[in-house]
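Q: Could you walk me through one part of this structure up close? I'd like to see how charged side chains pair up there, and what sits around them.

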Amino acid sequence: MKKTSTLQNGLIWFGAGVSLAEILTGTAFAPLGMAKGLAAILVGHIIGCAMMLLAGLIGGRTGRSAMETVKMSFGQKGGLLFAFLNVLQLVGWTAIMIYDGALAVGGIFDIGRWVWCLVIGALIILWIAVGITDLGWLNKLTMAALFVLTLVLCKVIFFSGNAMPDLTGESLTFGAAVELAVAMPLSWLPLISDYTRDAEKPTQATWVSVIVYGLVSCWMYVIGMGAAIFTGEYDIAVIMVKAGLGIAALVILVFSTVTTTFLDAWSAGISAESLTPKLDGKKTAIAVTVIGVVGAILFPMDDITGFLYLIGSVFAPMIAVQIADHFILRRDRFAAAADARNLVIWLVGFLAYRLLMGVDTPVGYTLPAMVLTVLLCILAEKVKPTVKA
């Protein structure tokens, strides 16, 4: 298989970061005010991107896909649980992203949400058909257009001269805001190794991917927060219409949706291959896109915060176990059928995350839950060391 360059990986994750879902999530930070909101965005992304980096390095070092690296901690059959859960969350993300994109574009060119769902879905399938290593000039051209148009969007929001009255309030605590910032990079944890493993220089590509994604994701959050603070408007499509962006707005909304959702669908196909070699990754990715289109047409998906927290509670303790095994304990259970010890530790981490959701800490609850999980892994190894094969 043709290897991807560091530049290609950077462009892939630039496209992942330019996301309507991230802009919409950013609007929720407005009650904190610009300074406090920005601090929460930065703290959350440092936590989330650090975890994303470590996950990507495992895949880059071993040459394995994200779900194959999970088997290094949970065994062959134990890893199937997370591969299945990952496919489910990626189907959900595909539907959510198509829904958000179609709804936003419909606010500019109202020809029916279902029509835009079909258009966006068709473009995603085109991206999948071309393939991750052959996008070439198409990907570069798209990223350049998105970069320019997001700069225009920033100008419209931050230099409109229509700053709103103070919006600060108690509807969102600092800790909850940090958690919302952690949630997006955390949602990419079960995907990043699917791309770093195929890089010419895996370690370099991982660093570039995470740094590019982290910076762009922060930028999208700030755009959303700024839109709410400076224009008083929480609907990005409305802001674009008022600014007279027209076709430019259409390009931003459609292609930012396509470039992000493509990664969700593509990785769903790769994760499905971990479930059974009988499944073809590319065909499965296309099937996931079709399911996502149908879901986006049939079901409302306006509030995704519960979905984000569910992803965090599943995958934060999962990657914590992987980090402990790979970087601290040097433990590899890839050849085992299942690692019951790690599965129990993951379950404890999952429950701890859900319980911590009721506790307001300055750093959210992903970090405390992950620290607890790592400590449990280290303690378990000290009590009963793994017998080396």
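A: Let's begin with a pair tucked inside: Asp325 is buried, and Arg331 is buried too. Keep in mind as we go that this is a predicted model. Those two residues form a salt bridge, and their closest N and O atoms are 3.4 Å apart. The cut-off for a salt bridge here is a nitrogen of Lys or Arg within 4 Å of a carboxyl oxygen of Asp or Glu, so the pair makes the list at 3.4 Å. If you're wondering about the idea behind it, side chains of opposite charge can pair when their charged atoms come close.

Now stay on Arg331, since it has another partner. Arg331 also forms a salt bridge with Asp339, and here the closest N and O atoms are 2.7 Å apart. Is this second pair buried or exposed? Both Arg331 and Asp339 turn out to be buried.

Next, hop over to Arg341. Arg341 makes a salt bridge with Glu381, with 2.6 Å between the closest N and O atoms. Arg341 belongs to helix α14 (residues 340-356) and Glu381 to helix α15 (residues 366-383), so this pair ties together parts that are 40 residues apart in sequence. What about the cover over these two? Arg341 counts as partly exposed because its relative accessibility is 22%, while Glu381 counts as buried at 13%. The line for "buried" is drawn at under 20%, so Arg341, with its 22%, doesn't make that group.

Put these pieces together and you get a network of salt bridges that links Asp325, Arg331, Arg333, Asp339, Arg341 and Glu381. For the wider picture, a search of the whole structure turns up seven salt bridges.

Glu381 gives us a good excuse to look along α15, the helix that holds it. Start with a quick length check. α15 has 18 residues, and at 1.5 Å a residue they should span 26 Å; the C-alpha atoms at the ends are 26 Å apart, so the two values agree.

Then ask which residues of α15 are buried. They are Thr366, Ala369, Met370, Thr373, Val374, Cys377, Ala380 and, once again, Glu381. If you look down the axis of α15, the buried residues fall within an arc of 135°, so they line one face of the helix. On the other side of α15, you'll find Leu375, Leu379, Lys382 and Val383 exposed. Try turning the model until you are looking down that helix, and see if you can pick out the two groups.

One last stop, back on the partner helix. Leu351 is found in α14, the helix that also holds Arg341. Leu351 counts as partly exposed because its relative accessible area is 45%. For a sense of scale, take Leu263, which is 88 residues away from Leu351 along the chain: the C-alpha atoms of the two are separated by 29 Å.

So here's the picture to take away: Arg331 pairs with Asp325 and with Asp339, Arg341 pairs with Glu381, and these residues, along with Arg333, are linked in a network of salt bridges.

Definitions and conventions
Residues are numbered from 1 along each chain as its sequence is written. This is a predicted model: local features need pLDDT of at least 70, side-chain atom pairs count only at pLDDT 80 or more; totals for chains, interfaces and linings use all residues. Side-chain values use heavy atoms; hydrogens and water are left out. A salt bridge is a side-chain nitrogen of Lys or Arg within 4 Å of a carboxyl oxygen of Asp or Glu. Buried means under 20% relative accessible area, exposed over 50%, partly exposed in between (1.4 Å probe, protein chains only). Helices (H or I, at least four residues) and strands (E, at least two) are DSSP runs, numbered from the N terminus. The expected span of a helix is 1.5 Å times one less than its number of residues. The arc is that of the directions from the helix axis to the C-beta atoms.
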